[in-house]
Amino acid sequence: KQWYQRRVAITAGECRKKLVMQNTQQLVERFVGAPLTRTTGITTEDKTVEEVPGIGNTFGARLREQEIEFAYELVGKYLVLKKNKKAFESWLFDILERANNTAVSSIQQWVEQNVG
């Protein structure tokens, strides 16, 4: 019985992890496939940094402290760094104080698909 309970717990944990990974991938795909603006009614607004997969409110606040408010500013920084993924990771790490592979991948993929 203990073996079965442990196996069920491991399987449930594996399922949760897989679900989170799938949801993250879906968020990245949606971000990459969309413009950096959002149209609501007749107005168009720039997407905020919090809308970049992997950023959220906590990391968004840290970016805003550095006066980085919009997703296009992250794309711009990636382009200024000549699409150098390692340099962008390092720059973002300095601000967020931790690695953020989801955000780096989202920006990199967006540029590859929409800029070239």
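In what order do the elements of this chain run, from the N terminus on? Okay, so that's where I'd like to start. The order is α-β-β-α-α-α-α, and in total we have five helices and two strands. One thing to say up front: this is a predicted model.

A bit of background on the chain as a whole. There are 116 residues, and buried ones make up 28% of them. If you take the contacts between residues at least 6 apart in sequence, 48% of those join residues at least 24 apart.

Let's walk along from the beginning. Helix H1 covers residues 2–32, and Val28 has its place there. Is Val28 buried or exposed? Its relative accessibility is 4%, so it counts as buried. And what does Val28 touch, once we leave aside neighbours within four places in sequence? The answer is Pro53, Thr102, Ser106 and Gln109. Also have a look at Val28 together with Ile107: they're 79 residues apart along the chain, and 9.0 Å separates their C-alpha atoms.

Next, the strands. E1 is residues 37–40 and E2 is residues 43–46, and they pair in the antiparallel sense over four bridges. Thr40 stands opposite Thr43 in E2. The hairpin has two residues between the strands, and Gly41 in that hairpin takes a positive phi near 70°.

On to helix H2, residues 56–65. Its buried residues are Phe59, Gly60 and Leu63. They sit on the same side of H2, because the arc they cover around the axis is only 105°. The general idea is that an α-helix has 3.6 residues a turn, so residues three or four places apart point the same way. Turn to the face of H2 that looks away from the buried side and you find the exposed residues Asn57, Thr58 and Glu65. The buried residues, meanwhile, pack against H3 and H4.

Right after H2 comes Glu67, with a positive phi near 65°. Then there's Ile68, in the loop between H2 and H3. Ile68 is a loop residue, but with 10% relative accessibility it counts as buried, since the cut-off is under 20%. Which residues does Ile68 contact, again leaving aside neighbours within four places in sequence? Those are Val49, Leu63, Glu73, Leu74, Trp91 and Ile95. Val49 is 19 residues away from Ile68 in sequence, with 7.5 Å between the two C-alpha atoms.

Now for helix H4, which covers residues 85–96. At its N-terminal end, Asn84 acts as the cap: one of its side-chain oxygens lies 3.1 Å from the backbone nitrogen of Lys86. How far apart should the ends of H4 be? With 12 residues at 1.5 Å a residue, the helix should span 16 Å, and the end C-alpha atoms are indeed 16 Å apart, so the two agree.

Which residues of H4 are buried? Phe88, Trp91, Leu92, Ile95 and Leu96. Those cover an arc of only 125° around the axis, so they're on the same side of H4. Over on the face turned away from that side, we have Lys86 and Asp94, both exposed. The buried residues of H4 pack against three helices, H2, H3 (71–80) and H5. And after H4 comes Glu97, whose phi is positive, near 65°.

Keep going and we reach Asn100, in the loop between H4 and H5, with H5 covering 101–114. Asn100 has a relative accessible area of 9%, so Asn100 is buried. Outside its neighbours within four places in sequence, Asn100 contacts Gly54, Ile55, Phe59 and Leu92.

Ile55 deserves a moment of its own. With that same window of four places left out, Ile55 contacts Val49, Glu50, Gly60, Leu63, Leu96, Asn100 and Ala103.

Last stop, the core. In soluble globular proteins, nonpolar side chains tend to be buried together. Here, the largest nonpolar core has 22 residues. Among those with the most contacts inside it are Ile55, Phe88, Leu92 and Ile107. Which elements give two or more residues to this core? H2, H3, H4 and H5 do.

That's my tour, thanks for listening!

How values were computed: Residues are numbered from 1 along each chain as its sequence is written. This is a predicted model: local features need pLDDT of at least 70, side-chain atom pairs count only at pLDDT 80 or more; totals for chains, interfaces and linings use all residues. Side-chain values use heavy atoms; hydrogens and water are left out. Buried means under 20% relative accessible area, exposed over 50%, partly exposed in between (1.4 Å probe, protein chains only). Contact means heavy atoms within 4.5 Å. The expected span of a helix is 1.5 Å times one less than its number of residues. The arc is that of the directions from the helix axis to the C-beta atoms. A polar contact is a pair of N or O atoms within 3.5 Å; within protein, one must be able to donate a hydrogen and the other to accept it, and residues adjacent in sequence count only if both atoms are side-chain atoms. A nonpolar core is a set of buried Ala, Val, Leu, Ile, Met, Phe, Trp, Tyr and Cys residues joined through side-chain atoms within 4.5 Å. Two strands pair if DSSP finds at least two bridges between them.
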